[in-house]
Amino acid sequence: MEQASFGFTEEVVEETTYSVVQLNSMVGEAVRRAHPDEVWVKGEVQNLRTRNGHTYFKLVEKAGRGERITGRLDVALFSDDAPKVRRALKEVPGAALGDDVEVRIRGRVRIYPPSGQYQLVMTGIDPVFTVGRLAANREQVLRLLSAEGLLGVNGALALAPVPLRVGLITSSGSAAYHDFVDELLRSPYAWQVGVVDVAVQSAGAPQRIKWALGQLAQLDLDVVVLARGGGSRADLAPFDTELVARAIAAMDVPVFTGVGHEVDRSVADEVAHTACKTPTACAQLLVRQVDEFVGALDHASQRVAARGRQRMALANRELDEAARRASRSATAAVVREHTRLDRAHGRLDELARRRTVDLAAHLDACARRVGELGRRATRDRRAALVARERDLVTHAQHHVERAEMRLGRSEAVVRALDPRRVLERGYSITRDADGRVLRATDALATGALVETELAAGRVTSRVESITPTEEEAVD
């Protein structure tokens, strides 16, 4: 068998190789050919930032009511197109390009060759769409909160009469912070302000505000203030979110809002306990609340002091009247007891005289009978007579002793009620130069002459110092 040999020649075809930039440029060119005209795109602005005169942000699409992002597009607004966009926004009040704002923008789809980044080069904006979406979103959130009964929950909480413990949510060092704190410092009260330093606008502001409310909910506070400075209607977007509204409704203390916007009310304003136009207005309202409490307290103190002075004056008059009645009663009691004693002495003397006459007559009769009955009978009868006489004398002495005891008790009562006895116990009576009895220090002045009556004499003094009692100091 013969073997045949075959020869094969391989033809090599060299393929084109592109650089990264070339490939990106080719894709970009393909995109330009596919979309030669500008397109309109709608979405929510996030991570807005400016660098070298150019503005960059992401346009995101979210699913339903949640925060889940289902699509993201990089957008660049170069400095050449920025003036046209700003003019368009200025023509519609309330329209603005900012974080968390839903917009409808126009632009060219481009791919940046060095990085292959796909982006939309923005050239225009529909400001009417932006304002309409802001209002629509706001109304939607309000309807939802109203259906759940959350709009009036925080407003139903009672504000403390002296709300000195304040929680403040704002950017520390901002104008809103200084406006609020400086207004409190101008008042004379001892405020305690706990500040949670967060940025209340730009991307992520609703989440930061919710977190700050949660931090303050753990503290013992009287009121929480959510404050920011002035800005466009779009800057208020975080305060129109359902996330912030629910966080406010969940607070156990009143929440005040001062977002620095004179015209529109945000959803946060509707849910909060009290909505103020500015941070300064919030501080002024808190100061006014404390002013009213202090004024009511002063008024009550004045009423209590006046009532106390009236009661003291009435008590002094009643005491003076009681002293006069006691003095008159004591004098009358002494006179009555003396009269009763004189009558008792008179009756005793008359009784003694009558008994003596009766006894003498009886003795005479006995003597005659004794003479008749004999000497022995006379001795017996005389012995009985002596015993009878002793009994009579003892009985008379008992009457006299009881009368003297009653007289002694009456005299003791008279001495106890005698004002001089008060002086003998160590008390004294002080009179001014006109002889008036002094009961308080408010009728004296340094250098005045006073006269002090003691149990054994009088002393004339000159006042060197005056120390009012605690009650007089309160008056």
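Begin by selecting helix α6, residues 242–249, in this predicted model, and colour Glu-242, Val-244, Ala-245, Ala-247, Ile-248 and Ala-249, which are buried. With 6 of its 8 residues buried, the helix is mostly covered.

Keep Ala-245, Ile-248 and Ala-249 displayed and add Val-271, which touches these three residues of α6. Val-271 belongs to helix α7, residues 267–271, and its relative accessible area is 1%, so Val-271 counts as buried. If you now show the remaining contacts of Val-271, leaving aside residues up to four places away in sequence, you will find Leu-145, Leu-150, Leu-151, Asn-154 and Gly-155. For Gly-155 a distance label is worth drawing: its C-alpha atom and that of Val-271 are 7.4 Å apart, although the two positions lie 116 residues apart along the chain.

Next, move to helix α1, residues 20–34, and select Met-26. Is Met-26 buried or partly exposed? Its relative accessible area is 40%, and Met-26 is therefore partly exposed. Adding Leu-23 and Val-27 to the selection completes a nonpolar surface patch, to which these two residues and Met-26 contribute and which covers about 240 Å².

From there, turn to the charged side chains, for the structure holds 20 salt bridges. Side chains of opposite charge can pair when their charged atoms come close. One of the pairs to select is Glu-38 with Arg-106, whose closest N and O atoms are 3.0 Å apart. Glu-38 sits in the loop between α1 and β1 (39–51), while Arg-106 is part of strand β4 (residues 102–112), so this pair ties together parts that are 68 residues apart in sequence. Both partners count as partly exposed, Glu-38 at 34% relative accessibility and Arg-106 at 27%.

Now centre the view on Arg-458, where two salt bridges can be inspected together. Its side chain meets that of Glu-451 at 3.3 Å, N to O, and that of Glu-453 at 3.7 Å, N to O. Which of the two, Glu-451 or Glu-453, is buried and which is partly exposed? Glu-451, at 29% relative accessibility, counts as partly exposed, whereas Glu-453, at 5%, counts as buried.

As a last stop, select Glu-321, Arg-324, Arg-325 and Arg-328, which are joined into one network by salt bridges that share partners.

Conventions: Residues numbered from 1 in each chain as written. Predicted model: local features only at pLDDT ≥ 70, side-chain atom pairs only at ≥ 80, totals over all residues. Heavy atoms only, no water. Buried < 20%, exposed > 50% of the residue type's maximum accessible area, 1.4 Å probe, protein only. Helix = DSSP H or I, 4+ residues; strand = E, 2+ residues; numbered from the N terminus. Contact = heavy atoms within 4.5 Å. Patch = residues over 30% accessible without salt bridge, like charges linked within 9 Å, V, L, I, M, F, W, Y side chains within 5 Å. Areas by Shrake-Rupley, 256 points an atom, 1.4 Å probe, with all protein chains shown as cover. Salt bridge = Lys/Arg side-chain N within 4 Å of Asp/Glu carboxyl O.
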